[in-house]
Amino acid sequence: MNNGRFAISLHILTLLDQANGEVLSSDYIAGSININPVLVRKELSNLRNHGMVLSKEGKNGGSYLAKSAQNITLGEVYNSVRQNSLLGNLKNTPNPQCPVGKQINKHLDNLYVDTESALIRQLSAQTLADFSRKFV
């Protein structure tokens, strides 16, 4: 999986949506997630690079949504933090003389691509606004 980055990013974006345009500091966001503000700033930077968040510098600085929550899909969020195969990777090299071993990686790769594609389709059918409404 992608460690906790999807959950952290979705938490950040939901907070920003719930703030209705108010600028939220990384310290405030970190307090809600109960993680170090440095990790929040790292995810905010990633979300900014993917066009979902804008930030304001300075004493009264912080972050806010770059676009409407209705225009951010959960699939976009997932893709912004995606690092590894959803189901992991085989770390050893199977025996090429074995009828299963010589083909397993090809078939696992296809399975993983199909599974992750289904997940992304499901997530892309939901917007941040849909998710955020669960908290009202």
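**Exercise 1. What volume does the largest pocket have, and which residues line the pocket?**

Before we start, note that this is a predicted model, in which local features need pLDDT of at least 70, side-chain atom pairs count only at pLDDT 80 or more, and totals for chains, interfaces and linings use all residues. Residues are numbered from 1 along each chain as its sequence is written, and side-chain values use heavy atoms, without hydrogens and water.

*Step 1.* The largest pocket has a volume of about 220 Å³.

*Step 2.* Its lining includes Leu-24, Arg-41, Lys-56, Glu-57 and Ser-63.

*Step 3.* H3 gives the largest share of this lining, 3 residues.

**Exercise 2. Find where Asp-17 sits and look for a salt bridge.**

*Step 1.* Asp-17 belongs to helix H1, residues 5-18 (a helix is a DSSP run of H or I, at least four residues).

*Step 2.* Asp-17 is buried (under 20% relative accessible area, with a 1.4 Å probe and protein chains only).

*Step 3.* Asp-17 has no salt bridge (a side-chain nitrogen of Lys or Arg within 4 Å of a carboxyl oxygen of Asp or Glu). Arg-133, the nearest side chain of opposite charge, is 7.2 Å away.

*Step 4.* Not counting residues up to four places away in sequence, Asp-17 touches Leu-65, Ala-69, Leu-128 and Ser-132 (contact means heavy atoms within 4.5 Å).

**Exercise 3. Work out why Thr-73 counts as buried, then list its contacts.**

*Step 1.* Thr-73 lies in the loop between strand S2 (62-65) and helix H4 (74-81).

*Step 2.* Thr-73 counts as buried because its relative accessibility is 19%.

*Step 3.* Leaving aside neighbours within four places in sequence, Thr-73 is in contact with Leu-123, Ser-124, Gln-126 and Thr-127.

Notes. Helix = DSSP H or I, 4+ residues; strand = E, 2+ residues; numbered from the N terminus. Buried < 20%, exposed > 50% of the residue type's maximum accessible area, 1.4 Å probe, protein only. Lys, Arg positive; Asp, Glu negative; His and termini not counted. 1 Å grid on protein atoms, 1.4 Å probe; cavity = no way out; pocket = protein on both sides within 12 Å on 5 of 7 lines; lining within 4 Å. Points joined across faces, edges and corners; volume = space filled by probe spheres on them.
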